[in-house]
Amino acid sequence: MTPIPVTALAAEVTVDAPAADLELREALRAASLSATSVDEGVTDGQELLAAAKADYRRMLAALYEAGHFGGQVSIRLDGREASGMSILREVPTINSIVLSVVPGPEFTFSEARVAPLPAGSEPPEDFAPGKPASTPVMRDAAQGGVEAWREDGHARAEIAGQQITANHASNTIAARIELAPGPKLRFGRTLLTPGSRESGVRPERITAIAGLPEGETFSPSEVNKAERRLRRTGAFRSAVIEEAKDIGPGDTLDMIVDVDDARRHRFGVGAEVSSTEGVGLSAYWMHRNLLGGAERLRIDGEVNGIGGNSGGIDYKLGASLIRPAFKHPDMDLRFGVNIESKDEPSFTSDIAEATVGLRRFVTEDLTASFDLGFRASKSTDAFGTRDFRHVTMEFGVEWDKRNNELNPSKGFYIEASALPFIGVSGSESGVLLKADLRGYTELGSDKFILAGRAQLGSVPGASLAGTPPDYLFFSGGGGTVRGQEYQSLGGGTVNGREVGGESFVGLTTELRTMVTKTIGVVGFVDYGMVSPEPTFEGGNWHAGAGLGARYFTPIGPIRLDVAVPVSGESGFGLYVGIGQSF
C-alpha cells in the first residue's frame, strides 16, 4: 500500500507577556522572526528553530526600544528551551512556540550627553536626565547631532563612540555619545554620472537647474533643494544627488548628479458635469524637453457649457512654454498665448492674449510671479458691442501649505493677484484684484474635517462700462454658490439686462467625514455677494446649501454634490467632478 503523504501543520505561536501592555505585546510579536515565519507558512522544524534562536536578540531589542533594559526572555519549542537545542540535530516538526517575556521596569536616563555639538544646537528634549530611556531616543540624539554638524558644513560628521551603561539597581541608563565633526567643507564641482550624460537634457542645463552653490559651505538642505529643482521640471523620472567619496582640494566636496529621463510626451483629459452649467471637457498635451534644456511646452483645450443653462458653449485654446532655471535656479521664464470665446448668460466675448513673465520659487511652498502681456477682446453685453485693448501687468503670489493637494485635511492655501490693465486705443485703465483663501483643520481626529474658503475680488479704476465683462464678477454655480443658477447674481441691471459687479465676496464652509475607507460625505453652505462698486458697498447676496458624496480613487476623490438655494429662490444644482470642491 502506498503511504498517504501528510502535510505539516503550521505551529501555534504565543506571546506570553502578562506584565506588558497591549502596545508592547504587539511590538514583541511584530519583532519575532518565529511569528513572521509561521505567518508566511514555514513548517520546517530546522527553519523554525533557527528563527527562535534569533528571537532572543530580537525580543531584547524590542524591549530596549520600549525602554525596558532589564527584561527576561524565554522561548520554548514544544516545551523545550530553544537556546538549549542544537541547530545540528534534526527537528522534523514544531507544533508550539511560546515566547515568554518579563519586561522588567522602565528605565530613565541618569546621564544623557551627546558632544560636541555645533553652536546653537541642542540635543532632543527627551534626551535628558530623568526622562524615560529608550534606544529610539538615543538613536535620535546621535543622528540629530550628526545632522546638525552636516548642516553646519561638516559633511563627514559621524558617531565616534558611545558608552551606554545600565544600572539595574536604580533602573537608570547613562548614555554618552561622542561625535566627530570632521573638517568643514565647501561645495565642489557638480558632476554627472555616465547615465546622466546620456540624458536628453544637456549636461550644462542639468547642472544649471540643480543650482548647487559651488564654493559655498556644504549644506544637506541645499542638496535637497537641488533634487527638488530637478524633479520640478518634469523632465526627469528620478533625480538623486550623492556626495563624492573623497574630499577634494581645499576642503571641497564634489556632488554627483544621477537623473533618469521621464517620457517626453504626456497628455491628459478631464470632465465636469453640472445640471446648470452643463458638461465641461478639457485636455492637454505636453512636451517635457522641447529644446534639450528641460523646456516644457503645454497645449490646453477646453470646451464648457455643453447642454447647460449657462449661455452658449465656451471654447479656449492655450499654449505655454516654460524654461526652468532662467538667471537663477529657482526662477522660470514663461511664455503664454490664449485664444478664448465666451458665451455667458450676460455677455459674449472673443479674447486673444499673449504674455511673457517670470515665476520665482521663494520657498518650497511659496511662489511669486510677474507677467507682462497684451490683451485684445471684443465683447457684447448690456452696454453694447465694444472693443478692448489693454497692456497687462499681473503680480501674483501663491502659498500652499496643504498636506494633500487633491484631498487636504490640514493646512492652508492662499492665492492673490493684482492685475493692472492699461488701456490703449481709447480703452479705460484699472486694476483687477483677486484673492482665494482656503483653510483646513481636523476636528478631534482625521475622521471629521472642517474646510473653509473665502474669495474676494475688486476692480477699481475703470468704470463699469469701461471694464471688460470677463473682468467683472458674477456669483452662482459650481465655483461660487452651488444651488444657485450659473452667474445668476451680478452687479445690477442695465437696459433690463444683468451686468457683472466690480466687487465680490464668496464664502464656503464644508464639513467632511469618511463613512468607509473609500466613501466620504460632505455637508456645505455657500454664500456670495456682488456689488456694482469696487468698495463692496450696495451689493446683493444669495446662498446655497447641500450634501455631497466622495468616492476616493488613486487619482483623487470623485465628487458628487447636490445643492439647493437657501435665500428664497427655488431649484437645485447637481455637480460632478474630480477632486474636492476646493
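**Sheets, cores and a helix pair in a predicted model**

In this predicted model, valine 15 has leucine 99 of E4 as its bridge partner.

Me: So valine 15 bridges to leucine 99; in which sense do E1 and E4 run, parallel or antiparallel?
Reply: In general, strands of a sheet pair through backbone hydrogen bonds, and either sense is possible. Here E1 and E4 are joined by five bridges. The sense in which they run is parallel.

Me: Which strands are at the edges of the sheet that holds E1 and E4?
Reply: That sheet is open, has four strands and mixed pairing, and goes E1-E4-E2-E3. An edge strand here pairs on one side only. That description fits strand E1 (12–16) and strand E3 (80–81).

Me: Which strands does H3 lie across?
Reply: H3 runs at about 160° to E2. The strands it lies across are E2, E3 and E4.

Me: OK, and which element gives the most to the largest nonpolar core?
Reply: This core has 27 residues, and Leu28, Met59, Ile75, Leu77 and Ile97 touch the most other members. At least two residues each come from helix H1 (22–31), helix H2 (33–39), helix H3 (45–65), strand E2 (72–77) and strand E4 (96–102). The one giving the most, with seven residues, is H3.

Me: What does leucine 28 touch, leaving out residues up to four places away in sequence?
Reply: Leu28 is among the core residues that touch the most other members, and Leu28 is also part of the H1 side of the contact with H3. With those sequence neighbours left out, its contacts are Val15, Ala17, Met59, Ala62, Leu63 and Val101.

Me: How do the residues of the contact of H1 with H3 divide into nonpolar, polar and charged?
Reply: The two axes come within 9 Å and cross at roughly 145°, and the crossing is right-handed. H1 brings Leu24, Ala27, Leu28 and Ala31, while H3 brings Asp55, Arg58, Met59, Ala62 and Leu63. The split is seven nonpolar, no polar and two charged.

Me: Let's go to the three-strand sheet. Why is one side of E8 and of E9 left without a neighbour?
Reply: The sheet is open, with mixed pairing and the order E8-E10-E9. Strand E8 (186–192) and strand E9 (236–243) therefore stand at the edges. One side of each is free of a neighbour because each has a single partner strand.

Me: By how much are neighbouring strands of the E8-E10-E9 sheet turned against each other on average?
Reply: E8 and strand E10 (residues 252–261) pair in the parallel sense over five bridges, with leucine 192 bridged to valine 257 of E10. Ignoring direction, the average turn between neighbouring strands of this sheet is 25°.

Me: What angle does H7 make with E9?
Reply: Helix H6 (residues 203–210) packs on this sheet, touching E8, E9 and E10, at about 145° to E8. Helix H7 (residues 220–232) also packs there and touches E8, E9 and E10. Its direction makes an angle with that of E9 of about 160°.

Me: Last one: which residue of E19 is the bridge partner of valine 391?
Reply: Strand E17 (residues 366–381) and strand E18 (residues 384–400) run antiparallel with 16 bridges, forming a hairpin with two residues between them. Phenylalanine 374 has valine 391 of E18 as its bridge partner. E18 is also joined by nine bridges to strand E19 (residues 411–423), again antiparallel. In E19, the partner of valine 391 is isoleucine 422.

Key. Residues numbered from 1 in each chain as written. Predicted model: local features only at pLDDT ≥ 70, side-chain atom pairs only at ≥ 80, totals over all residues. Heavy atoms only, no water. Pairing = 2+ DSSP bridges. Axes fitted to C-alpha atoms, helices over the stretch in contact; angles between N-to-C directions. Contact = heavy atoms within 4.5 Å. Core = buried A, V, L, I, M, F, W, Y, C linked by side-chain atoms within 4.5 Å. Buried < 20%, exposed > 50% of the residue type's maximum accessible area, 1.4 Å probe, protein only. Left-handed = near helix turned anticlockwise from the far one by under 90°. Nonpolar A, V, L, I, M, F, W, Y, C, P; charged D, E, K, R; others polar.
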